Amino acid sequence: MTMTTYMLGVDIGTTSTKAVLFTKNGKVKSQHAVEYPLYTPEMGAAEQDPDEILEAVVASIRETILKSGIDTTDLSHVSFSAAMHSLIAVDEAGIPLTKSITWADQRSEKWAKKIKNEWDGHEIYRRTGTPIHPMSPLAKLVWLRNEHPETFEKASKFISIKEYVFHKLFGEYVVDHSIASATGMLNLGKLDWDAGALGVAGVTPGKLSHLVPTTEIITGLQPVWAVKLGLPADVKFVIGANDGVLSNLGVNAVQPGVVALTIGTSGAIRTVADKPVTDPKGRTFCYALTENHWVIGGPVNNGGMIMRWLRDEFCQAEVEEAKALGVDPYDVMTAKIAQVKPGAEGVLFHPYLTGERAPLWNGNARGSFYGLGIHHKREHMMRAVLEGINLNLYTVLLALEEIIGIPEKIHATGGFARSEVWCQMLSNIFNQEVSIPESVESSCLGAAVLGLYALGEIDSFDVMNEMVGTTNGYVPDQAEVEVYKELTPLFIRLSRLYEQEFDAVVAFQQRK
């Protein structure tokens, strides 16, 4: 493997697209990101404009190449990561009939319940590995067919945002096994569309893209797009996988017993198995990385976005203080949180502000503070919010442990993994050593390395041992561990009690 050529990883995320140019030993040469908005035209909606995202993909690649100053003939390949669960209906000309309906869209909630309770949903999950939930394209298709039948009937294809981009660049409708495994419609054992799931969705295989491995190499970039991207028309594109599984690869969490914990806008806990594994209780997902690498775990809706809500709604004083000091507001917030005793003197926060995926899988879940007394201050609520996010992640790990056993290592990544307060709290709640890998661009690096694997330049992912170092490690503080051992069962019991009332609260909130 030569060290003079480069590889480009592109991650089409929920809030932005980022392109990162790496040397072949995993060092960052240049990068560029372009953000785009989320549209919420009605309650429960969470959409994006496919063409705005396409423009972001083009701009992020072009600017990354320009910043690097490399000769593009030294570019080995471009490989893609993308967010899961998006759905776009397009007509025969490939023109979108809908926006890109994202994983956060809740409008198919009642149809997800019907699939789960009336239409053999659990067995569909056991075959496809995607929990029955509004995030799933399966539920979105049922919603679209029943509530927007004209659009459904007019659609020639139902695709994801990555498929939309590849169709524009190459004129083909292709979907990798990884993105497909997050639709709720791919039979994991057969690596083909699941007849039962398609029957529920009301679509035929012809309405979906052609299935290919995550290692599929595509060439023949259309000339107009080659010019816009600033790339040779014959550059190799590797279709890649979804962002979750590639994040595991990018932080070197592909060996048995290693768990990756990602904290970004949302969050997830994932580990890798050599064959598909689903949960008899339906709490975890199973998505493809390659045919011999399957990522199992659970996602949460409510990660960093809850801290952003806390900042915007409760912490204006900290924001102003941060401006005066020239520092990040989150640093000021976490410094104040650190001054409050673990357990926040009995204040608990359930962070279900945007519904919840694992472990509840309930789009109607809603957040709450519990235990407030007259003696509590704003700082107690601030600490409870951070503890609630981490306790919720821990409940996902408890479900995963029933399937894989207690993990040997936890690698934490994402924007908030830079916070010492957050990481130490994770270590204490999980009662595990938590390490922070050097790579902060894990999905882009994972995509780039999967490209090396696709090209046959590596025959295993052991190369990640050399690419990914560790910046920090956090060891549990046993005194604080004991506090959280007492708090965790109460957190779980309360979430189960609240679940009985979530539907009633949402019905009240939806009254016009």
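Two strands pair if DSSP finds at least two bridges between them. Helices (H or I, at least four residues) and strands (E, at least two) are DSSP runs, numbered from the N terminus.

The structure is a predicted model, in which local features need pLDDT of at least 70, side-chain atom pairs count only at pLDDT 80 or more, and totals for chains, interfaces and linings use all residues. Residues are numbered from 1 along each chain as its sequence is written, and side-chain values use heavy atoms, with hydrogens and water left out.

**Exercise 1. Describe the hairpin of E2 and E3, then place it in its sheet.**

Step 1. Strand E2 (residues 16-23) and E3 run antiparallel and are joined by 7 bridges. Within this ladder, threonine 17 has valine 34 in E3 as its bridge partner.

Step 2. The hairpin leaves 4 residues between E2 and E3, and glycine 26 in the turn has a positive phi of about 90°.

Step 3. The open sheet has 6 strands in the order E3-E2-E1-E5-E14-E13, and its pairing is mixed. Strand E3 (28-35) and strand E13 (217-218) are at the edges with a single partner strand each, so one side of each has no neighbour in the sheet.

Step 4. At the E13 edge, E13 pairs with strand E14 (residues 237-242) in the antiparallel sense over 2 bridges. Isoleucine 218 has phenylalanine 237 of E14 as its bridge partner.

Step 5. Helix H10 (residues 243-250) packs on this sheet and touches strand E1 (6-12), strand E5 (75-82) and E14; contact means heavy atoms within 4.5 Å. The direction of H10 makes about 100° with that of E14, where axes are lines fitted to C-alpha atoms, for helices over the stretch in contact, and angles run from 0 to 180 degrees between N-to-C directions.

**Exercise 2. Determine the strand order of the open sheet of 7 strands and the helix H14 that packs on the sheet.**

Step 1. The order is E17-E18-E16-E15-E21-E22-E23, with mixed pairing. Strand E17 (285-290) and strand E23 (470-474) form the edges; each has a single partner strand, so one side of each is left without a neighbour in the sheet.

Step 2. From one strand to the next, the twist averages 30°.

Step 3. E17 and strand E18 (residues 293-300) are paired antiparallel over 5 bridges, and tyrosine 287 has valine 295 in E18 as its bridge partner.

Step 4. Helix H14 (residues 378-404) touches strand E15 (258-263), strand E16 (267-273), E18 and strand E21 (409-413), and its direction makes about 145° with that of E18.

**Exercise 3. Characterise the cavities of 30 Å³ or more in the whole structure.**

Step 1. On a 1 Å grid over the protein atoms alone, a cavity is a set of points where a 1.4 Å probe fits but cannot get out, and lining residues have an atom within 4 Å of a point. Grid points are joined across faces, edges and corners, and a volume is the space filled by probe spheres set on the points.

Step 2. The search finds 2 such cavities. The largest cavity holds about 130 Å³ of space, and of its 17 lining residues the closest to the centre are Phe158, Ile159, Ser160, Glu163 and Thr183.

Step 3. The second largest cavity has a volume of about 80 Å³. Its lining includes Ile12, Gln48, Trp103 and Ile161.

Step 4. Ala, Val, Leu, Ile, Met, Phe, Trp, Tyr, Cys and Pro count as nonpolar, Asp, Glu, Lys and Arg as charged, and the others, Gly among them, as polar. The lining of the largest cavity then has 11 nonpolar, 5 polar and 1 charged residues, while that of the second largest cavity has 6 nonpolar, 6 polar and no charged residues.

**Exercise 4. Locate glycine 446 and state whether glycine 446 is buried or exposed.**

Step 1. Glycine 446 lies in helix H16 (residues 442-454).

Step 2. Its relative accessibility is 0%, so glycine 446 counts as buried; buried means under 20% relative accessible area, exposed over 50%, and partly exposed in between (1.4 Å probe, protein chains only).

Step 3. Not counting residues up to four places away in sequence, glycine 446 touches Leu246, Leu249 and Gly250. Glycine 446 and serine 81 are 365 residues apart in sequence, yet 8.1 Å apart in space, C-alpha to C-alpha.

Notes
1 Å grid on protein atoms, 1.4 Å probe; cavity = no way out; pocket = protein on both sides within 12 Å on 5 of 7 lines; lining within 4 Å.
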